[in-house]
Amino acid sequence: MRRLSPGTDLVTVTAPSGACAPSDAPVWSRLLARYRQPDALRSAFEIAITVVPFVALWVLAALAVAHGHYWGLVLTIPAAGFLVRLFMLQHDCGHGALFASRSVNDWTGRVIGVLTFTPYDYWRRVHAVHHATTGNLDKRGIGDVDTLTVGEYRSRSRWGRARYRLYRHPAIMFGFGPAWLFICQYRLPVGLMRAGVAPWTSTLATNLAIAVPAAALIWLMGLWPFLAVQLPITLMAATIGVWLFYVQHQFEETHWSEGKDWKFQHAALHGASHYDLPAVLRWFTGNIGIHHVHHLSSTIPFYRLPKVLDNHPELRAMGRITLWQSLSCVKLVLWDETAKRLVSFKEARAARGAHLAPA
């Protein structure tokens, strides 16, 4: 994982001879404009090849369980993968990237939100804040993973530090947390009480749209088959989604700054990772691993992101982490203001010990 500094000449690092490789984020932003135009037929096709297999797998699994064939629960694993992909389609709708029409994006996103248990308008508003403030130490707390600086952590009481450790524990972050987020928190627009009626309307309408077909399915097949299929699919997909979001910003060489030092385009390009996944995982995750490009130009449809890397291979090395390397990101929990990188609790303790040691 080697990150390029703002002043590094990309041509001399990774770009092939004669490649157009600007070194600053604003120029990259202009270059990426030509990839933003969505293809309506392609977008509709991507929706179809995701929704149809998801519904088919869900129905087959439910029918199998309803008839006592519990091998059908194996089908919940690929179904969770398709649900993750559905969320990525909803994500693109939220950025206005899947279709040229805003209303088509919005209504597509709202319908998909019923399947993903995610109220579209509520989520879109929170996610927009995340994009507008990513990497800004002065504007943390909405739509992102809570991250303390080393100094902030040390200034907390013992109880405050314990709470942060509990929040950052993998069992909470990737176990209880995703379940709480998608099953409970998304049922009410907590945190947006002053944002008008749209988040409330979106949330309550989504809840109703979930409840009606759920009640019908429970009436048709019984409560146990419904829960036996729906719960594992939802929990697996939620955990994968939270993991993806975590790794896309919680990696060692990410970027954080404050005040006048924070620049949107630089934070977008350097504060998001290139999560270089195997091809099958890239498909199921809608290329969301190309996250630095997505943050720099969020209206690029997900199916055009690989083309950006093909045409500008110098972007491949920026913030790149592999699936194996991403596992070590779990321990990165504090922003070291001095080293300008994320560190573990152990590293923070060691740094403090070295600072306090007599010369």
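**Entry 1: terms and model.** I began with the term I needed for counting: a cavity is a set of grid points where a 1.4 Å probe fits but cannot get out. By this rule I counted three cavities of 30 Å³ or more. I note that the model is predicted.

**Entry 2: the whole chain.** I looked up the secondary structure and found 17 helices and five strands in the protein chain. The chain has 359 residues, of which 47% count as buried. I then turned to the accessible surface, which comes to about 17300 Å². Carbon and sulfur atoms account for 67% of that surface. Among contacts between residues at least 6 apart in sequence, 69% join residues at least 24 apart.

**Entry 3: the largest cavity.** I recorded a volume of about 110 Å³ for the largest cavity. Its lining includes His-130, Asp-144, Phe-245, His-249, His-255 and Trp-256. I sorted the lining residues by type and obtained three nonpolar, eight polar and one charged.

**Entry 4: the largest pocket.** I next looked up the largest pocket, with a volume of about 1100 Å³. It is lined by 42 residues, and those closest to its centre are Gly-143, Asp-144, Leu-181, Tyr-186 and Phe-245. Asp-144 and Phe-245 also appear in the lining of the largest cavity. I asked which helices each supply at least two residues of the pocket lining. They are H4 (76-94), H5 (102-116), H6 (120-133), H9 (170-184) and H11 (223-249). By type, the lining of this pocket divides into 28 nonpolar, 12 polar and two charged residues.

**Entry 5: the second largest pocket.** I found a volume of about 280 Å³ for the second largest pocket. Of its 13 lining residues, Trp-58, Leu-115, Pro-213, Leu-217 and Gln-230 are the closest to the centre. Helices H3 (40-66), H5, H10 (198-221) and H11 each supply at least two residues of this lining. H5 and H11 also each supply at least two residues to the lining of the largest pocket. I counted 12 nonpolar residues, one polar and no charged in the lining of the second largest pocket.

**Entry 6: helix H8.** I asked which residues of helix H8 (residues 158-168) are buried. They are Gly-160, Tyr-164 and Arg-168. Viewed down the axis of H8, these buried residues fall within an arc of 70°, so they line one face of the helix. On the other side of H8, I found Arg-158, Trp-159 and Leu-166 exposed.

Terms used:
Residues numbered from 1 in each chain as written. Predicted model: local features only at pLDDT ≥ 70, side-chain atom pairs only at ≥ 80, totals over all residues. Heavy atoms only, no water. Buried < 20%, exposed > 50% of the residue type's maximum accessible area, 1.4 Å probe, protein only. Helix = DSSP H or I, 4+ residues; strand = E, 2+ residues; numbered from the N terminus. Arc of directions from axis to C-beta. 1 Å grid on protein atoms, 1.4 Å probe; cavity = no way out; pocket = protein on both sides within 12 Å on 5 of 7 lines; lining within 4 Å. Points joined across faces, edges and corners; volume = space filled by probe spheres on them. Nonpolar A, V, L, I, M, F, W, Y, C, P; charged D, E, K, R; others polar. Contact = heavy atoms within 4.5 Å. Areas by Shrake-Rupley, 256 points an atom, 1.4 Å probe, with all protein chains shown as cover.
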